[in-house]
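Here are some exercises to work through with the structure open beside you. Try each task before you read its solution.

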Amino acid sequence: MKGTEIISKVLKDSGNTTLFGYPGGQIMPFFDQIYGDDEIRLILVRHEQAAGHAADGFARASGKLGVCVTTSGPGATNLVTALANAYYDSSPVLAFSGQVGTHLIGNDAFQEADVVGCTMSVTKQNYQIKDVNNVGRVFKEAMYIATTGRPGPVFIDLPRDIQQAECNLAEPIPETIELISYNPRVFSKGASLQIKRALDLIMNAQYPIIIAGGGIVLANAQDELQELVNLLHIPVVYTLMGKGSIPDDHPYVLGMLGMHGRKRSNFAISEADVILALGTRFSDRITGDLAHFPGQPNAKIIHVDIDTAEIGKNVPVDVPIVADLKLALHEFLSQLNNRLADPSTATINSWWYRWIQELKDYNGIPNVTKEGPTGRIVPEKVIFELNNILQADDIVVTEVGQAQMYAAHYLNRQKPRTWISSGGLGTMGFGFPAGIGAKIAKPDSEVWIVAGDGSFQMNLHELATVKQNDIKVNIIIMNNQYLGMVRQWQELLYDKRYSYTCLACKDGTYFPDFLKLADAYGLEGVRVEKPDEVAGALEQARKADATFLIEMLLEPEANTLPMLPPGGAVSTFFSRRGEKKSIYDWFARLPRNESEANGYKVERITPEEDDINVYFE
Amino acid sequence: MTEENHVCIGLLVYDHPGVMMKITGMFARRGFNIASISVGHSERPGFSRITIVAEGDEDTIEQIIKQLHKLIDVVKVQHLEPSKTTIREAALVKLNVRDNAARQEIMTLVDIYRGAKVIDVTSKTITLEVTGSEAKLESFIELVAEVGTIKEIARSGVLALIRGEESISLE
């Protein structure tokens, strides 16, 4: 068997027959191998970075491995951003690229680059294959590593001569993978004991809370999480990656926390006395200033994660639990059900049930029917209307920046893998190709790409990909003519010195004309200038047969708030007027005893700062 | 282990190209410090033994060990506690000597130190080999430097094995 035949067979045997890729000199033997092969489908993109993001989006939407293939040198270095993006969001991606022949490696041959070196720190594992007899093993091993334990991208560097060489092994593809150094540890006896300790803490706490991270989605533990919440009656705040792990309209779900979190979420985490962190890595966007996290200095932290190295990395942990989340939550539920069945152990001391409704009602999604001060649409309006039209199986894929944060705040997501966003790396240009990957994975789901005008332009060439491959996605360009998030920081922190964040010309004209652009690629679109046209345009997109582009003309200087001041505690905020505020300006500290509870109301004032009408002053 | 915040870590790793880069790259990327590193074959073909002396407080060392565990090419990781570990380092020291008397004095010092010997002599230089703990090496080098002028030094980095039955061997 030739090297490329082995690869093709491994892909087919494992059911990974959808590839995203771009050909070139050193990967030609592989492309020749799959030519005319009906069992393998390759989506030809227009830039290798997009191949990587599409594979990543495919993986996130399907829960399966995403596969991408490129040529050597620039083809492979173009993948680096996509691999880093998949790495920081723990997405299972297999990437392989051609390489110059083994006899040329190290000679600085044409289109040679040290991509093993380039990808080393942004992959879970990487390989360069120098012997055709290793091709079968390495590909199988790579798939196993990418999809087990904490998932992540794996990269394979594949010299041209190895692709063409004949393997002389009786069994070119080994039956099983033996890796003594890698044991994706899932559950242990010790974890059960720790879970007992965790339940002791949670059931005795007054204000326990759950942080749901992306690990819930990766472990498919959404049902277990919901059951746990329903039994414990304690609130859930989630990370950007954890959105979708529990329905947003669940009475105990408060929304995203952290840097751009909901006020009520950051209030709840600041007041919690026990934090059950599930599959989150306590990134700086979650904790704010670590000196003030958790908000209650005596709060106990229970951290469940499959990756030992995440536990204790950023915050000290009282009860560490290294486990697959699904198995861990099973154990939580089984122990909890036992306790609840026995009246002597059934008491849950949480007081949240008294205030949760009031918190949940606070600060819903505003429907701003008026135009903004410059006569354009207020961004919240777009998200309000999108939320109305979204169905449970629709998939929302975001770019990065303000639009991403509006969507994360307000969109009601019911199911895991219907929310796809670049969290760790924050990659502008991720959303559109990832949306393509998501659509390929879930052809029956409507895919909505929520993009800013800046992000969209980072990979807009993929309009050709959707046209050529008949892929239907709905693109919403939230055009405020700025790199909005950076402009917002400049407004709040750099005295409105808008250094190179305006994307419009000096005379105020804006290019590209996104509708002409769509037209150039043979696609249709619509420009929306008034608030009352938003809903109709979204409906038009849903009904369209092909990719449909909507350009929403937005208030140029609208801010995504709340926002933590950089380096600030999770309880601090910029208000809509750009003033630094405390979360306790909005909410009263939770009562800790009955006398404090007497006549207590969560909402301290109805601060006008929080009112969307600040826009119109 | 002369420094307070130094910790010795023993590793068993696959003997593949690029494995060293994965380990040192991890240290560099995460801002950890390597005080010394030594690599060689292990008792088992296909596997190398690495001894790293890392710098950091308790939390940092814990994180270093966890991150090393995470590398797929790393088979075993062992924190080698000084009280349970034999630690050795070798050094080659080349000195300029001004006259016979100086040379004679250095050779006397070599005789006194267990683990030191002369391995090369010329009219102007003398090269010594010395093995021992880091502290012993330091004190020996300091002493001979008072007699001759140090021209160059090559040190092996630390080698360490845990005492007694315990090991990170795969057997």
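**Exercise 1. Locate Pro562(A) and describe the peptide bond before it.**

Solution. Begin with the place: Pro562(A) sits in the loop between strand E18 (548–553) and E19 of chain A. Next, look at the bond to Leu561(A): this peptide bond is cis, with omega about 0°. Keep in mind as you go that the model is predicted.

Now look for a second case. The peptide bond from Phe293(A) to Pro294(A) is also cis, and here omega is near -5°. Pro294(A) belongs to the loop between helix H13 (284–287) and strand E11 (300–305) of chain A. For background, most peptide bonds are trans.

**Exercise 2. Find where Asp470(A) and Asp495(A) lie, and decide whether each is buried or exposed.**

Solution. Start with Asp470(A), in the loop between helix H20 (463–468) and strand E16 (474–479) of chain A. Its phi is near 55°, a positive value in a residue other than glycine. Then count neighbours: Asp470(A) has 9 other C-beta atoms within 10 Å. A residue is exposed if that count is 12 or fewer, so Asp470(A) is exposed.

Repeat the steps for Asp495(A), in the loop between helix H21 (484–493) and helix H22 (514–520) of chain A. Phi of Asp495(A) is near 55°, again positive in a residue other than glycine. With 7 other C-beta atoms within 10 Å, Asp495(A) is therefore exposed.

**Exercise 3. Work out how H1(A) and H7(A) are oriented, and which residues meet.**

Solution. First take the geometry: helix H1 (residues 3–13) and helix H7 (residues 135–147) of chain A pack at about 30°, with 9 Å between their axes. Angles under 35 degrees count as roughly parallel, so H1(A) is roughly parallel to H7(A). The crossing is right-handed.

Next, list the partners. H1(A) brings Gly3(A), Ile6(A), Ile7(A) and Val10(A), while H7(A) brings Val135(A), Gly136(A), Phe139(A) and Lys140(A). Sorted by class, this contact has five nonpolar, two polar and one charged residues.

**Exercise 4. How many residues of helix H12 (residues 263–271) of chain A are buried, and what covers them?**

Solution. Go along the helix: nine of its nine residues are buried. Among them are the charged residues Lys263(A), Arg264(A) and Glu271(A). Then look outward from H12(A): its cover includes strand E7 (208–212), strand E8 (236–238), E9, helix H15 (352–361) and strand E19 (572–574) of chain A.

**Exercise 5. Describe how domain 2 of chain A touches domain 3 of chain A.**

Solution. Mark the bounds first: the domain assignment of chain A gives domain 1 (3–164), domain 2 (189–361) and domain 3 (379–553). The centres of domains 2 and 3 of chain A are 32 Å apart, taken over C-alpha atoms. Their contact takes 15 residues from domain 2 and 13 residues from domain 3. On the domain 2 side, helix H10 (214–218) and strand E9 (253–256) of chain A each supply at least two residues. By class, that side has five nonpolar, six polar and four charged residues.

**Exercise 6. Which elements of chain B touch chain A?**

Solution. Count the residues first: 16 come from chain B and 13 from chain A. On the chain B side, helix H1 (19–29), helix H2 (58–70) and strand E4 (74–80) of chain B give two or more residues each. H2(B) has the largest share, six residues. Finally, classify that side: five nonpolar, five polar and six charged residues.

Definitions and conventions:
Residues are numbered from 1 along each chain as its sequence is written. Chains are lettered from A and ligands numbered from 1 in the order in which they are written. This is a predicted model: local features need pLDDT of at least 70, side-chain atom pairs count only at pLDDT 80 or more; totals for chains, interfaces and linings use all residues. Domain bounds come from an automatic or database domain assignment. Two residues are in contact if their C-beta atoms, placed from the backbone, lie within 7 Å. Helices (H or I, at least four residues) and strands (E, at least two) are DSSP runs, numbered from the N terminus. Axes are lines fitted to C-alpha atoms, for helices over the stretch in contact, and angles run from 0 to 180 degrees between N-to-C directions. Angles under 35 degrees count as roughly parallel, over 145 as roughly antiparallel, 65 to 115 as roughly perpendicular and the rest as oblique. A crossing is left-handed if the near helix is turned anticlockwise from the far one by less than a right angle, and right-handed if clockwise. A residue is buried if 20 or more other C-beta atoms lie within 10 Å of its own, exposed if 12 or fewer, and partly exposed in between; C-beta atoms are placed from the backbone.
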